[in-house]
Amino acid sequence: MALSFAVVASSSSIMCKATNANNHSHLQDLSYIKRAALISDKSAGFTSPHPNFGCVIVTPSAEVVGEAYLYAQGTKPAEVLAVEAAGERCRGATAYVNMEPGDCHGDHTAVSALVQAGITRAVIGMRHPLQHLRGNAIRAFRSQGLQVDVLGEDMQSKLVEEARKACLLVNLPFVYRAASRVPFSVLKYAMTLDGKIAASSGHAAWISSKLSRNRVFELRGRSDAIIVGGNTVRRDNPRLTARHGGGHMPIRIVLSQSLDLPEEANLWDLSDVSTVVVTQRGARRSFQRYLASKGVEVVELDILNPRDVMEYFHDRGYLSILWECGGTLAASAISSGVIHKVFAFVAPKIIGGKNAPSPVGELGMVEMSQALDLIDVCFEQIGPDMLISGFLQPIPDLTPTIPSEDETFAIDPTVAPFETSIIFFYKTWDLYGAFSNFSPHPIQMPDEDGKQVHRSQQSSSTGLHRQNKISKKSRGSSTTGKANTAATPSSGEI
Ligand SMILES: Nc1nc(O)c(N)c(N[C@@H]2O[C@H](COP(=O)(O)O)[C@@H](O)[C@H]2O)n1
């Protein structure tokens with residue numbers, strides 16, 4: 001970071017106080033960036049397939065005069081909202097953003113808003129994770145004479161790392177997705193102290209406490225979709241809704257090779273949210289038609305395996321998936337390398353039972369040395385239960401290649417986004433990242449008093465998941481029922 005150092009005498013020692021052009025101390029910078037990250041997280045689940053953005057505007061006298069976050073896909077950028085809140089007090093102020101704005105073809109709204117408002121310095125928590133956007137906004141700011149500091153690029157310390165991590169964590173699904181070409185996947189399960197997810201009879205309601213289950217609703221609300229296998233549908237007849245009040249509703253995905261599924265199931269009730277059943281080519285076509293007649297989308301893949309399913313949903317723009325499946329599917333997903341994080345709720349109960357199922361089935365390991373170690377492990381007590389969470393795979397190293405000032409924007413030649421076999425999306429500007437025609441969630445917009453009002457986008461939601469043109473790899477095809485009338489966008493909308 002471009003900093004000047006002022007020596008400040010105190011009674012007991014000489015301290016080094018770092019100040020920057022707008023007179024904020026280095027520690028203040030870090031605290032405002034963390035604030036931007038914190039507020040950006042308020043819309044978790046709603047902004048997908050875009051990142052969560054937060055912006056805090058601070059005057060040279062350290063007064064926060066405007067702060068805002070992106071409410072949802074398609075709403076005003078955080079920077080514009082923050083500028084609107086700060087008004088004239090933007091002149092000479094610093095804007096703190098958790099992530100570099102996605103300044104791209106024909107959409108310079110966020111950058112223009114800050115420049116035109118008279119912001120003179122921008123502090124950026126992390127560069128944009130998408131290669132084709134990375135560095136664009138930073139270059140644009142600098143070309144307009146703003147001082148730009150990117151966290152950790154000029155100065156490193158434990159505190160800087162902590163603030164960078166805060167920025168990374170609020171957009172983890174976006175970051176993982178950009179780095180690994182599959183959605184960020186979390187495996188969640190609840191088990192007894194003796195490692196069972198049900199009694200031998202299959203009965204599982206309930207292992208974890210109500211408080212823990214409420215926590216699961218929040219996890220669901222942060223995800224784009226929840227996946228279970230056919231066994232869970234047959235055994236539990238789950239609803240898989242986020243019932244924590246007003247939050248985002250993820251779609252439900254069922255993976256079933258045989259389509260040996262019940263005719264009546266809570267997941268076929270689409271009054272709250274839609275369901276996609278993914279199966280293998282040719283499976284029970286009559287049952288496919290039955291599901292389609294109920295409005296459930298059915299997708300056939302050539303071979304049903306977790307990696308192909310994840311690549312398919314990556315291509316449809318999903319950022320984050322919560323797996324709430326049983327042990328067999330969990331083992332298969334882990335073996336396929338598509339699970340990134342685990343949330344295990346451990347209840348202080350013992351159920352026993354030789355045949356009682358456990359959360360993860362056969363992984364083919366024979367020695368403890370082969371066990372998968374979780375990293376960045378957290379322990380949290382929730383009522384009587386313990387929630388243990390950690391990462392199965394390292395957080396991708398996104399240390400960006402920092403483009404030089406005059407480096408021109410170049411499109412990655414390995415990606416040909418305008419191939420005709422690729423889905424036609426409105427947002428063709430999002431060349432490498434998540435893209436979508438429809439917001440898959442209800443949007444909460446602030447009313448004139450700044451309070452959030454609920455504006456249901458259910459019809460759009462239905463459209464997204466039934467708008468199932470075949471992705472570039474032509475792996476899947478989709479059956480939809482008579483209710484599935486979402487129009488394919490015409491080329492005029494591209
Ligand atoms: N968090 C939690 N605690 C338990 O004790 C459980 N048995 C489960 N089971 C999972 O939740 C699904 C049911 O969800 P709904 O309440 O119907 O929405 C069930 O299928 C398991 O995946 N989870």
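**Exercise 1. Determine which residues of helix H3 are buried and what covers them.**

Solution. In this predicted model, helix H3 spans residues 109–117, and its buried positions are Ala110, Val111, Ala113, Leu114, Val115 and Ala117. A residue is counted as buried if 20 or more other C-beta atoms lie within 10 Å of its own. The next step is to identify the cover: the elements over these buried residues include helix H2 (78–86), strand S5 (94–97), strand S6 (121–124) and helix H4 (136–143). Finally, inspect the end of the helix: just after H3, Gly118 adopts a positive phi of about 95°.

**Exercise 2. Follow Leu114 from its contacts to the largest nonpolar core, and establish where that core lies.**

Solution. Begin with the contacts. When neighbours within four places in sequence are left aside, Leu114 touches Glu79, Val83, Ala95, Ile119 and Ala122. Next, consider the core. The largest nonpolar core comprises 114 residues, and Leu114 is among those with the most contacts inside it, together with Ile33, Cys55, Tyr96 and Trp323. This core lies between domain 1 (4–170) and domain 2 (179–391), because both domains give residues to it.

**Exercise 3. Describe the shell around the ligand by its residues, their classes and the elements that supply them.**

Solution. The ligand is surrounded by 18 residues, of which the closest are Ala190, Ile207, Ser208, Asp236 and Pro238. Two elements give two or more residues to this shell: helix H7 (210–221) and helix H8 (230–236). The largest share, three residues, is that of H7. Sorted by class, the shell holds 10 nonpolar, four polar and four charged residues.

Conventions. Residues are numbered from 1 along each chain as its sequence is written. This is a predicted model: local features need pLDDT of at least 70, side-chain atom pairs count only at pLDDT 80 or more; totals for chains, interfaces and linings use all residues. A residue is near a molecule or strand if its C-beta atom, placed from the backbone, lies within 6 Å of it. Helices (H or I, at least four residues) and strands (E, at least two) are DSSP runs, numbered from the N terminus. Ala, Val, Leu, Ile, Met, Phe, Trp, Tyr, Cys and Pro count as nonpolar, Asp, Glu, Lys and Arg as charged, and the others, Gly among them, as polar. A residue is buried if 20 or more other C-beta atoms lie within 10 Å of its own, exposed if 12 or fewer, and partly exposed in between; C-beta atoms are placed from the backbone. Two residues are in contact if their C-beta atoms, placed from the backbone, lie within 7 Å. A nonpolar core is a set of buried Ala, Val, Leu, Ile, Met, Phe, Trp, Tyr and Cys residues joined through C-beta atoms within 7 Å. Domain bounds come from an automatic or database domain assignment.
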